[in-house]
Amino acid sequence: MRRTALLPLVLLAASAFAQDPLTKYMYPLNKPLKTPKVIVDTTDIPSLAPWAAKAKQIVEEWYPYMTSMLATEDWKAPKEIRLVFKKKIDAPAWAAGNEITFSGEWLTAHPDDMGIVVHELTHILQSYPGIEGGIDRGWLVEGIADYIRWWRYEPESPRSRPDPAKAKYTDAYRTTAGFLAWTSAKYDRGLVMALDRAFRKRQDPVPEFKRLTGKDIDTLWAEYLATVK
Ligand SMILES: [Zn+2]
């Protein structure tokens, strides 16, 4: 009796879940990955050792969260992550493979820029293979890194709004990140994970906008710009 009474309820729950219109209001979360060993090298600029220790702490604490926000389910994670501090490089920081190189000059002038660690760590987690056909979506790679930094790690930080007369969604960094945040909140909070998953499969991620929202990227961008005027 109990069994027959339960069955229709289970089926009803399963079919409701399959078409659940509420899913788009939730961030999908993957299984978090364990932080690999983090190695710090400040031999070139020992004065940054305290900053480097904080950077290591951010990597150790945020790596599991960040992997849960991205499509890292089949990703071959590095065995260790290296944080290397140089007196001076031609950028505030960059990431290559499992290593982030920081500019001592930049960090000495901007010690509050801890969020740079999250941006660069996102690049390590991305490690995207190239898209089939050589399509360049570098602007979206940077947009995702800034989205994780500015909308998930430090969402309370003040930020400039894009100039509707000049801005394009391909501007990368915070402009693209703001667009991702707005589109996620309005249409589907699974957007960034879906874009990330497409990159990992060597697919062009741009069609994911249409698949998830029903609208193409140019239409969405026009809607977004109308909100920042
Ligand atoms: Zn970047």
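# Briefing on a predicted protein model

In strand β4, I100 is the residue that stands opposite A95. That pairing belongs to a predicted model, in which the protein chain has 229 residues, 45% of them counted as buried. The secondary structure of the chain comes to 9 helices and 4 strands, and the points below take up the whole chain, then the strands around β4, then helices α5 and α4, and finally the residue T67.

**The chain as a whole**

- Read from the N terminus, the elements of the protein chain follow the order α-β-α-β-β-β-α-α-α-α-α-α-α.
- Taken along the principal axes, the box filled by the C-alpha atoms of the protein chain is roughly 70 × 50 × 40 Å.
- Among the contacts in the protein chain with a separation of 6 or more, 69% are accounted for by residues that lie 24 or more positions apart.
- The protein chain has an accessible surface of about 12700 Å², and carbon and sulfur atoms contribute 57% of that area.

**Strand β4 and its partners**

- Strand β3, residues 93–96, and strand β4, residues 99–103, run antiparallel and are joined by 4 bridges.
- The hairpin formed by β3 and β4 has 2 residues between the strands, and within this hairpin G97 takes a positive phi near 60°.
- Strand β4 is also joined to strand β2, residues 80–86, this time by 5 bridges, and these two strands run parallel.
- I100 takes part in this second pairing too, being the bridge partner in β4 of L83, while on the β3 side I100 stands opposite A95.
- Because 4 of the 5 residues of β4 are buried, this strand is largely enclosed by the rest of the structure.

**Helix α5**

- Helix α5 covers residues 138–153, and its 16 residues should span 22 Å at 1.5 Å a residue, which agrees with the 21 Å that separates its end C-alpha atoms.
- The helix nevertheless has a kink of about 25°, and this kink is centred on Y147.
- Since 12 of the 16 residues of α5 are buried, the helix is largely enclosed by the rest of the structure.
- The buried residues of α5 include W139, L140, E142, D146, Y147 and W150.
- Those buried residues pack against several other helices, namely α2, α4 (115–126), α6 (173–186), α7 (191–200) and α9 (217–228).
- R149 has its place in helix α5 and is buried, with a relative accessible area of 8%, which is under the 20% limit for that term.
- Leaving aside residues up to four places away in sequence, R149 touches D113, G115, I116, V118, H119 and E154, and of these contacts G115, I116, V118 and H119 are buried residues of α4.

**Helix α4**

- Helix α4 has 12 residues and reaches 17 Å from its first C-alpha to its last, a distance close to the 16 Å expected at 1.5 Å a residue.
- This helix is mostly covered, with 12 of its 12 residues buried, among them E120, T122, H123 and Q126.
- Just after α4 comes S127, a residue that takes a positive phi of about 35°.

**Residue T67 in helix α2**

- T67 is found in helix α2, which covers residues 49–69, and it is buried, with a relative accessible area of 0%.
- A polar atom of the T67 side chain lies 2.9 Å from the backbone nitrogen of L33, and a polar atom of the same side chain lies 2.8 Å from the backbone oxygen of P64.
- When residues up to four places away in sequence are not counted, T67 touches N30, P32, L33, T72 and L125, of which L125 is a buried residue of α4.

Notes. Residues are numbered from 1 along each chain as its sequence is written. This is a predicted model: local features need pLDDT of at least 70, side-chain atom pairs count only at pLDDT 80 or more; totals for chains, interfaces and linings use all residues. Side-chain values use heavy atoms; hydrogens and water are left out. Buried means under 20% relative accessible area, exposed over 50%, partly exposed in between (1.4 Å probe, protein chains only). A polar contact is a pair of N or O atoms within 3.5 Å; within protein, one must be able to donate a hydrogen and the other to accept it, and residues adjacent in sequence count only if both atoms are side-chain atoms. Contact means heavy atoms within 4.5 Å. The expected span of a helix is 1.5 Å times one less than its number of residues. The bend at a residue is the angle between axes fitted to the seven residues ending there and the seven starting there. Accessible areas come from the Shrake-Rupley method with a 1.4 Å probe; for residues, only the protein chains shown count as cover. Two strands pair if DSSP finds at least two bridges between them.
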